[in-house]
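Work through the three exercises below with the structure at hand. Each task is followed by a solution in steps.

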Amino acid sequence: MLAIDLGSDVLPALALGTEPPEPETMNAPPRSPKEPLFTRSVLGRILFLGGIQALGVTTAFFWKIHTAGIPYAAFTADNPIYREALTMTQAGIVVSQVFNGLTVRSDRLSIRRLGVLSNPRLLAAQALAITAMCAISYAPPLQQIFNTAPLSPLDWAILTGFGAVLLAADETRKALVRAHAKRRKENT
């Protein structure tokens, strides 16, 4: 799990470091040196996005168990469905990190305004993460090492759907932030 999580985080995080600054960055006043790195809004966004990701991968895990039609007591480490559920969870983390990477590029600008293709390094890093997850899921030698199983197209569609929910939720949050800022500006 750690290898997959690190693999889907490190390169995209480095690629996010190459993201150009937002257009209004130089118009904003400087941040106070006394302001903590993790402000209330930063922590709120971490909890918001992390909560959606956690809910998505947990739901995927239990969906896989439920659709197997076996009792929870029979769901043990030697059960092949267990490997599928673990793989679904791991792939869910990777897929949700792809969507998370797209949305965290800006705290308030829409992905439509930023452009999905405007950071090719991020897209390449995310493609590499998905490729690695596919290799871990489908290549028999890697299945043995990582205790994984192949995922069906439906599994991938469900995971992509959860990722889209994450993106839509943060796009909604950003729209509300922009609307609030606009109202404050009009009232001053």
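**Exercise 1.** State in what order the elements of the protein chain run from the N terminus on.

Solution. In this predicted model, the order is α-α-α-α-α-α-α. Counting by type gives seven helices and zero strands. Along the principal axes, the C-alpha atoms of the chain fill a box of roughly 65 × 30 × 30 Å.

**Exercise 2.** Determine how α2 and α3 are oriented to each other, and which residues make the contact.

Solution. Step one: take the axes of α2 and helix α3 (residues 80-103), which come within 9 Å and cross at roughly 155°. Step two: angles over 145 degrees count as roughly antiparallel, so α2 is roughly antiparallel to α3. Step three: the crossing in which α2 passes α3 is right-handed. Step four: list the contact. From α2, the residues include Leu49, Val57, Phe61 and Trp63; from α3, they include Ile81, Leu86, Met88 and Ile93. The residues of this contact divide into 12 nonpolar, seven polar and three charged.

**Exercise 3.** Describe the largest pocket by its volume, its lining and the character of the lining residues.

Solution. Step one: the space in the largest pocket is about 1,200 Å³. Step two: 32 residues line the pocket, and the closest to its centre are Glu22, Ala28, Asp107, Arg108 and Val177. Step three: the elements that give two or more residues to this lining are α2 (40-68) and α7 (153-187). Step four: sorted by character, the lining of the largest pocket has 12 charged, 10 polar and 10 nonpolar residues.

How values were computed:
Residues numbered from 1 in each chain as written. Predicted model: local features only at pLDDT ≥ 70, side-chain atom pairs only at ≥ 80, totals over all residues. Heavy atoms only, no water. 1 Å grid on protein atoms, 1.4 Å probe; cavity = no way out; pocket = protein on both sides within 12 Å on 5 of 7 lines; lining within 4 Å. Points joined across faces, edges and corners; volume = space filled by probe spheres on them. Helix = DSSP H or I, 4+ residues; strand = E, 2+ residues; numbered from the N terminus. Nonpolar A, V, L, I, M, F, W, Y, C, P; charged D, E, K, R; others polar. Axes fitted to C-alpha atoms, helices over the stretch in contact; angles between N-to-C directions. Parallel < 35°, antiparallel > 145°, perpendicular 65-115°, else oblique. Left-handed = near helix turned anticlockwise from the far one by under 90°. Contact = heavy atoms within 4.5 Å.
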